[in-house]
Amino acid sequence: MADKELELSADELTFVCDPDQFQFETTNDLPDLQKIIGQERAVRAIDFGVEIPSYGFNIYAMGPAGTGKATTVHTFLDRKVHQEPAPDDWCYVNNFIDPKRPRAIQLPSGYGNRLREDMEEFILDLQRSIPTAFDSDDYLHRAEAVVQEMERARNAILKELDAEVSRRGFALVQTAMGLVVAPMVDGQVLNPEQYAKLPEEMRSSFEAHRQDLQEGLDRTMREARGLEKTAKEKLRELDREVANFVASDCIDDLEQKYAAYDEITEYLAEVRQDVVENVSDFRQETETKDSDQAGAGTPIPPAGRPRRDPFTRYRVNVIIDHSRSEGAPVVYATNPTYRNLVGRIEQEVYFGVLTTDFTHIRPGCLHHANSGYLVVNARDLLTYPFAWDALKRAIKNREIRTEMVDEALPVTTTIALEPEPIPFQAKVILIGDASTYYMLYGLDEDFRKLFKVRADFGQTMDRSPEAMQSYAEFIASRVRADDLLPFDRTAVAKVIEFGARAAAHKEKLAARFVDVVEVIQESAHWARQNEHPIVTDADVDQALEERRYRASHLEDRLRERILEGTIRIQTEGKIVGQVNGLTILSMADYEFGVPSRISARTYMGRGGVVAIDREAHLAGNIHNKGVLILQGYLGGKYARRKPLSLAASLTFEQSYERIDGDSASSAELYALLSSLSGLPIRQDLAVTGSVDQQGRVQAIGGASFKIEGYFAICRARELTGTQGVLIPADNVRHLVLRRDVVQAVKDGKFHIYAIETIDQGIQLLTGVPAGEADQEGNYPEGTVNYLVQQKLLAMAEEKPKEGEEDKESSSASQNSQVERDPSE
């Protein structure tokens, strides 16, 4: 086959976007993009996941970074949520039966703040009304009447007792221990010394009556205490009556206002009862405030539990307020820690004790996203302890349980709360890469049950006229959003060409818009620098060249080492057993191709093909597989009549880093065939492509970068007109080469050949026909395959001397060992 039949024309090497196909002059003539482009599959998946109400149909948006997962989700949800009503408010209130378990109350949107404001007004009313009610004349007269009645009754019984005591010669004396019965002579109470001087008979008489009188005194005092207890109970009942009047005056209107909400009416009834039963706390609080205002100083709380503001228990803690919301909530959890998800319960130090109550409950992202949508980065979620488990529990149990995480020091005292869980119903959208998805799917059984919808974001899309028009509208949208200079249609065409190059396919465009946006922004910058009123194709070209220059330091250094001869790469002449392979180096976001010298040596033996890089542990599994395929190709093609008897070594010369991939397997095979046939290989041609056992050349990645890398070396040494690259024919559709390469091919200074088989390639490289086998497996004399076959037959027929076979095998084994660093 003639070389010209395999050579590609300049038109086959790239994609050129014709600016004249567009019906606009600049992006100012275009509308903003109104749809999500390039991700139809993912958008349909998201739409399905959002619409289906069944349990577990949450969404995992999967794709590489920069494919617009977050942007697409944001755009889709932003359009969706305005069609849905705003969800309800949620409040926490005091649980009067068990204050450690605050109650959660659900209210229509906007009613949470209303209830809070109403309860704050209720507290103010209590603070005003209670002192007024207890300072009123009516209350004071009624309380005074109770006290006076008690005192009259107590004085009466004490008077009766005093008379009886006096009649018997005794008197009631007040001491530090209370009232006691003391002897009296001639109207005078005797002290202990005087009593001791009395005659024995008189003392005996006094003692005989004292015990009886003391018992009477005790009965009387018990009766007096009973009167006091009764009076206190009457006062408490009076206080409750007054408190009920005050509370009713404040609460009746609230009960009528919230009569439609059973939870609120039940709560208000409990508030009324609590005010009545604990009115003494409020009286103490108001008296304390009056004392403080009078200059009594800061009150010291009693031992034990610190005294808190009694009115706090009537406050309402609105944790979710949708009074200003329009549509369903969308929450982006940018820092999905455990507390940020499920909420937290704050504490404060009060007289050395950590205290808290229901007013210290704070919401988390789950609360804010309830009845809406929660968007979380999967990798961030897995970074924080307990966060993933907390999210799963909320979805599985359909409730948000806010718990206290014990972070207190052992020496401190903590008051814990267990708030009532809040029902949870929201769509959760995880955003992450494929590796995270498959890890969760394989290791966590709950994941596949809870995230049943996978929105798969692709990196490319078809290059149709509609897609190119959408690209133009996307550019217009970014220009307006970032306040950039407008792009004319030549600049738009250049950006579309960049999209095809980024997709590495003539018929595709990149759907990874983060790179496209950077090119748009950088092109506008250089247009301003050049004082252009609009962005043209020249500005886009400059932006792309500047991007390449900023990232190509290593590429230029490697090229310098090749050009100065430190790394030996020949681009002229012919050499037996040596071929220029092409490799790709990736440095973060920058890829480039460089040639690599591949050599092969063949000799007698039965060790097969030995890859030196594999033996030195510098090759990956895919490369090793490619080397094994070579042996299968050689055996199947040349060992039909006799077993294959061959010892060969292959290596990437001057390669000191780990290599992988099978894109050099065709080049390695060419080197082997050259070594076996003795035919030299053209060094002005470079080769890339993998190979199968039938000798078919298969597609590889990075074809454009590899061609450009070899072209740069040849151009730096001056193009001879014979230099070029052999690529797999299946890679032609992937070629989107730079204009300088295309121009060199057009001028006949550089050549690119599309190869389908090894025979086609070896014929190009050696200039000798490959030769086709006849029915008996023989090849025409003088062809490459004939020379290879004859060499292999000669090796097979050559018998080693007795004893040398084992020696040779041992030697080959020793030669295959590589000296290792003792530290390994």
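Q: What volume does the largest cavity have, and what makes a space like that count here?
A: The largest cavity comes to about 50 Å³. Counting starts at 30 Å³, so 50 Å³ makes the cut. Keep in mind that this is a predicted model.

Q: How many cavities pass that rule in total?
A: There are 4 cavities of 30 Å³ or more.

Q: Which residues line the largest cavity, and which helices supply at least two of them each?
A: Lys637, Tyr638, Ala639, Arg640, Arg641, Lys642, Glu776, Gly777, Gln789 and Leu793 form the lining. The helices that each give at least two lining residues are α22 (621-638) and α27 (784-797).

Q: What is the make-up of that lining by class?
A: It has 5 charged, 3 nonpolar and 2 polar residues. Gly777 is part of the lining, and Gly goes in the polar class.

Q: Why is the pair of Phe96 and Tyr314 called tilted?
A: A search of the whole structure turns up 21 aromatic pairs. In the one formed by Phe96 and Tyr314, the ring centres are 6.0 Å apart and the planes make an angle of 35°. Centres have to lie within 6.5 Å, and an angle under 30 degrees would be stacked while one over 60 would be edge-to-face, so 35° leaves this pair as tilted.

Q: Where along the chain do Phe96 and Tyr314 sit?
A: They belong to distant parts, 218 residues apart. Phe96 is in the loop between β2 (89-93) and β3 (103-107), and Tyr314 is in the loop between α9 (279-293) and β7 (317-320).

Q: How do you know whether Phe96 and Tyr314 are buried or exposed?
A: Buried means under 20% relative accessible area. Phe96 has 18%, so it is buried, and Tyr314 is buried too, at 0%.

Q: What makes Tyr437 and Tyr441 a stacked pair?
A: Their centres are 6.0 Å apart and their planes 25° apart. Because 25° is under 30 degrees, the pair counts as stacked. The two are 4 residues apart in helix α14 (residues 434-443), which means about one helical turn separates them.

Q: Is Tyr437 buried or exposed, and what about Tyr441?
A: Tyr437 is at 8%, so it counts as buried. Tyr441 has 37%, which lies between 20% and 50%, so it is partly exposed.

Q: Which residues belong to the ring cluster that includes Tyr437 and Tyr441?
A: Ring pairs tie together Tyr60, Trp388, Tyr437, Tyr438, Tyr441, Phe447 and Phe451. Among them, Trp388 is also one of the buried residues of helix α13 (residues 387-397).

Q: Why is β30 called mostly covered?
A: Strand β30 (residues 751-755) has 5 of its 5 residues buried. His751, Tyr753 and Ile755 point one way, Ile752 and Ala754 the other. That fits a general pattern: in a regular strand the side chains alternate between the two faces of the sheet.

Q: How do you know that β29 and β30 pair?
A: Pairing takes at least two bridges, and 5 bridges join β29 (residues 724-728) to β30. The two strands run parallel, with Pro728 opposite Ile755. Together with helix α25 (residues 739-746), they make a right-handed β-α-β unit.

Key:
Residues numbered from 1 in each chain as written. Predicted model: local features only at pLDDT ≥ 70, side-chain atom pairs only at ≥ 80, totals over all residues. Heavy atoms only, no water. Buried < 20%, exposed > 50% of the residue type's maximum accessible area, 1.4 Å probe, protein only. Right-handed = clockwise from strand over helix to strand, strands pointing away. 1 Å grid on protein atoms, 1.4 Å probe; cavity = no way out; pocket = protein on both sides within 12 Å on 5 of 7 lines; lining within 4 Å. Points joined across faces, edges and corners; volume = space filled by probe spheres on them.
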